[in-house]
Amino acid sequence: MSIHIGAPQGAIAPRVLLPGDPLRARFIADNYLENAVCYNEVRGMYGYTGTYKGVDVSVQGTGMGMPSHSIYVHELINFYGAKILIRVGSCGSIQQEVKLRDLVLGISASTNSSMVSRSFEGLNYAPTADWDLISKAGSVAAELGMKIKAGNILSSDTFYDENPESWKSWAKYGILAIEMEAAALYTLAARFGVKALCLLTVSDSLISREETTSEEREKTFTGMMEMALETAIGTEV
Ligand code: HPA
C-alpha cells in the first residue's frame with residue numbers, strides 16, 4: 001500500500017493508463033479490459049487491473065492538474081513498479097487546424113507551472129514523451145487509419161486563467177492544445193527512467209469556443225482508447 005493507493009504489491013500492471021477522471025477509469029475497465037478488478041477506492045480515485053488481448057493493463061484515475069497527477073504517477077512508479085504510463089485525456093485546441101474530436105499526441109509538453117522549473121532550480125527543462133511510445137502510437141494510428149496531430153502541448157496550472165487571452169502567445173509558437181498534466185508526467189517519467197506518453201482528444205476550442213457533445217466525446221474516446229491500449233501492449237517495458 002502506498003499513501004494514496006490502497007493496493008497490495010503486485011496488484012498493478014507495469015502498463016498503466018491514466019485518465020484524470022476516476023469514473024473514466026471505471027468506464028475503461030468495464031468496457032475495454034477483461035476480468036478487471038478494482039484495486040483502489042481511496043479518495044474515490046478508482047484503479048483497476050485487467051487484461052487487454054491477454055496482457056495485464058491497469059487504469060488509474062489521477063484527478064485534475066499536475067499536483068494530483070504527480071502523486072499517483074510517483075506512487076505507481078515507485079511503489080508498484082509501473083514502467084509504461086499513458087495519459088488519456090481531453091484538451092482545448094488553440095490552433096485553427098486542430099479541430100474538435102481530433103486526436104492529439106503530446107511529443108513535448110510546455111508548461112506555465114513552476115512544478116517543473118523548481119526541480120531544475122529555475123532552469124528550463126523540456127518535458128518530452130518517450131520515443132518508443134511515440135513511434136508505436138504513430139504506427140498504431142496508421143494501422144487503424146486514424147489521423148493524429150502530434151506536437152508540443154501546454155500543461156497549464158489553470159483552467160480558468162485570469163487572462164483569458166494568455167493562450168495566444170503559446171499558439172504563436174505552435175502549441176497545439178492545452179491540458180493540465182503532461183509536463184509533470186513526462187518529467188517524473190524521465191526522473192525515474194520509465195516511459196510516458198500523453199494522448200488527448202479535443203473537447204473544446206479556445207478559438208471558436210465550441211465544445212463537443214457528450215455523445216461526440218464518447219466516439220472520439222473509443223478511438224483514443226484503442227490507440228492507447230494497442231500502444232501500451234505493443235511496447236516493451
Ligand atoms: N484548458 C485546460 N485543460 C483542458 C481544456 C482547456 O481548455 N480543455 C480540456 N482540458
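**Ligand site and a helix pair**

In this predicted model, a polar side-chain atom of Asp 204 lies 2.8 Å from a nitrogen atom of the ligand. Local features need pLDDT of at least 70, side-chain atom pairs count only at pLDDT 80 or more, and totals for chains, interfaces and linings use all residues. Residues are numbered from 1 along each chain as its sequence is written, and side-chain values use heavy atoms, leaving out hydrogens and water.

User: Which residue has a polar backbone atom 3.2 Å from a nitrogen atom of the ligand?

Analyst: The residues around the ligand (a heavy atom within 4 Å) include Ser 90, Cys 91 and Phe 159. The backbone atom at 3.2 Å from a ligand nitrogen belongs to Gly 92.

User: How much of the ligand's accessible area does the protein cover?

Analyst: On its own, the ligand has 260 Å² of accessible area (Shrake-Rupley method, 1.4 Å probe). The share covered by the protein is 89%.

User: Which residues of H1 make the contact with H7?

Analyst: Contact means heavy atoms within 4.5 Å. On H7, the participants include Phe 221 and Met 225. On H1, they are Arg 24, Phe 27, Ile 28 and Tyr 32.

Terms used: Helices (H or I, at least four residues) and strands (E, at least two) are DSSP runs, numbered from the N terminus. A polar contact is a pair of N or O atoms within 3.5 Å; within protein, one must be able to donate a hydrogen and the other to accept it, and residues adjacent in sequence count only if both atoms are side-chain atoms.
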